[in-house]
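Subject: Structure for your review

Dear colleague,

Please find below the structure I am handing over to you, followed by an account of what was found in it. I would be grateful if you would read the two side by side.

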Amino acid sequence: MPSTLFSSQIARATLLQAEGDHEAALQSLQEAANQAAAEYGSDDNRLAVVLEQQVGVLRALGRHRQAEDVLQQATGVRMKNARQSGRALEAQQKYDEAEQLFREALAISERVYGDQHRETATCLDNLATCLRKQGRYVDAVTFCSRSLEVREAILGKKHAHTATSYSNLGFLYRT
C-alpha cells in the first residue's frame, strides 16, 4: 500500500499539471520518485509509474531529450521488476508464468539496451534457466548460447560472467 506522502505527492503533481504548472508538477514528481525509491526500492513498478508521469510533464515542457532519458529509466525499472518477479515465480516452480516474465524482461532489455548489453545477457540466462527447469533443453541452449555470445563480445572470454555462461551451457549439454 502506497504511503500517504507518496500518494499526496502524486496527487499534487497531477493537480499542478492540470493547472499548467509543469515545473512545480515536475518537482513534486521528482520528490515522489525519490520517496518511491527509498520506500519500495529502485526496481519497484511504483517508481516506474512516477517516472512515466514525469515523461509527460517533460514533454509538455519541451524537454524531449530529458523525457527520453527518463522513459529509458522507467523502462529499465519495469525490466528489472519483471526479471525479479520471474525469479520469484520460478522459485515457486510456476515455470510458465516465470517464462512469460523472463521473455518480457528480455524484450524490454533488447528494446532499451540493445542486443549487446550485460542486462540483455542476464535476461537471456534467466530465460535459459527457466526453460531448462521445464525440460526444454534445446530452447534453453539457444538462449544460453546467445548469452555467452553477448558476454564474450562485451566482457571478453576471461570475465567471470562469461565463465558462468560457459558453465551454464556446458551443464545444458551434459543434461
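Once residues within four places in sequence are set aside, A121 is in contact with S147, V150 and R151. Please note that this is a predicted model. A121 belongs to helix α6, and its relative accessible area is 0%, so A121 counts as buried. A further pairing concerns T162: it stands 41 residues from A121 in sequence, yet the C-alpha atoms of the two are 9.7 Å apart in space.

**The chain as a whole**

The secondary structure consists of eight helices and zero strands, which gives the pattern α-α-α-α-α-α-α-α when read along the sequence. The C-alpha trace spans about 65 × 35 × 20 Å along its principal axes. The chain has 175 residues, of which 43% count as buried. Among contacts with a separation of 6 or more, 57% are made by residues that lie 24 or more positions apart.

As regards the surface, the accessible area of the chain comes to about 9300 Å², and carbon and sulfur atoms account for 50% of it. There are 21 positive and 22 negative side chains, and the centres of these two sets are 7 Å apart.

**The nonpolar cores**

Which members of the largest nonpolar core touch the most other members? They are L106, L127 and F143, in a core of 26 residues. At least two residues of this core come from each of α4, α5 (95-112), α6 (118-133), α7 (137-155) and α8 (160-174). The most is given by α5, which supplies eight residues. Beyond its neighbours within four places in sequence, L106 is in contact with T120, C123, L124, L127 and F143. Another core, of 23 residues, lies apart from this one, and L47, A48, L51 and V77 are among its members.

**Buried positions in α3, α4 and α5**

Three further buried residues may be of interest to you.

Q54 lies in helix α3, which covers residues 45-60. With a relative accessible area of 3%, Q54 falls under the 20% limit and is therefore buried. Apart from neighbours up to four places away in sequence, the contacts of Q54 are L26, L29, Q30, A33 and V70.

E90 is placed in helix α4, residues 64-91. Is E90 buried or exposed? Its relative accessible area is 9%, so E90 is buried. The side chain of E90 reaches the backbone nitrogen of C130 at 3.3 Å. C130 also appears among the residues that E90 touches beyond four places in sequence, the others being Y95, A98, F102, N126, T129 and K133.

V112 is found in helix α5. Its relative accessible area of 17% is under 20%, and V112 is therefore classed as buried. Not counting residues up to four places away, V112 touches Q72 and T75. V112 is also 9.5 Å from L71, C-alpha to C-alpha, with the two positions 41 residues apart along the sequence.

**Two loop residues**

Q93 sits in the loop between α4 and α5. Its relative accessible area is 59%, so Q93 is exposed. The backbone of Q93 deserves a remark. Most residues other than glycine have a negative phi. The phi of Q93, however, is near 60 degrees, a positive value in a residue that is not glycine.

D21 occupies the loop between α1 (4-18) and α2 (22-40). With a relative accessible area of 35%, D21 lies between the 20% and 50% limits and is therefore partly exposed. The side chain of D21 reaches the backbone nitrogen of A24 at 3.3 Å. How far apart are the C-alpha atoms of D21 and L148? They are separated by 49 Å, the two residues being 127 positions apart along the chain.

**In brief**

This predicted model is a chain of eight helices. Its largest nonpolar core has 26 residues, and another core of 23 residues lies apart from it.

With kind regards

How values were computed: Residues numbered from 1 in each chain as written. Predicted model: local features only at pLDDT ≥ 70, side-chain atom pairs only at ≥ 80, totals over all residues. Heavy atoms only, no water. Helix = DSSP H or I, 4+ residues; strand = E, 2+ residues; numbered from the N terminus. Buried < 20%, exposed > 50% of the residue type's maximum accessible area, 1.4 Å probe, protein only. Polar contact = N/O pair within 3.5 Å; in protein donor to acceptor, adjacent residues only side chain to side chain. Contact = heavy atoms within 4.5 Å. Core = buried A, V, L, I, M, F, W, Y, C linked by side-chain atoms within 4.5 Å. Areas by Shrake-Rupley, 256 points an atom, 1.4 Å probe, with all protein chains shown as cover. Lys, Arg positive; Asp, Glu negative; His and termini not counted. Charge placed at Lys NZ, Arg CZ, Asp CG, Glu CD.
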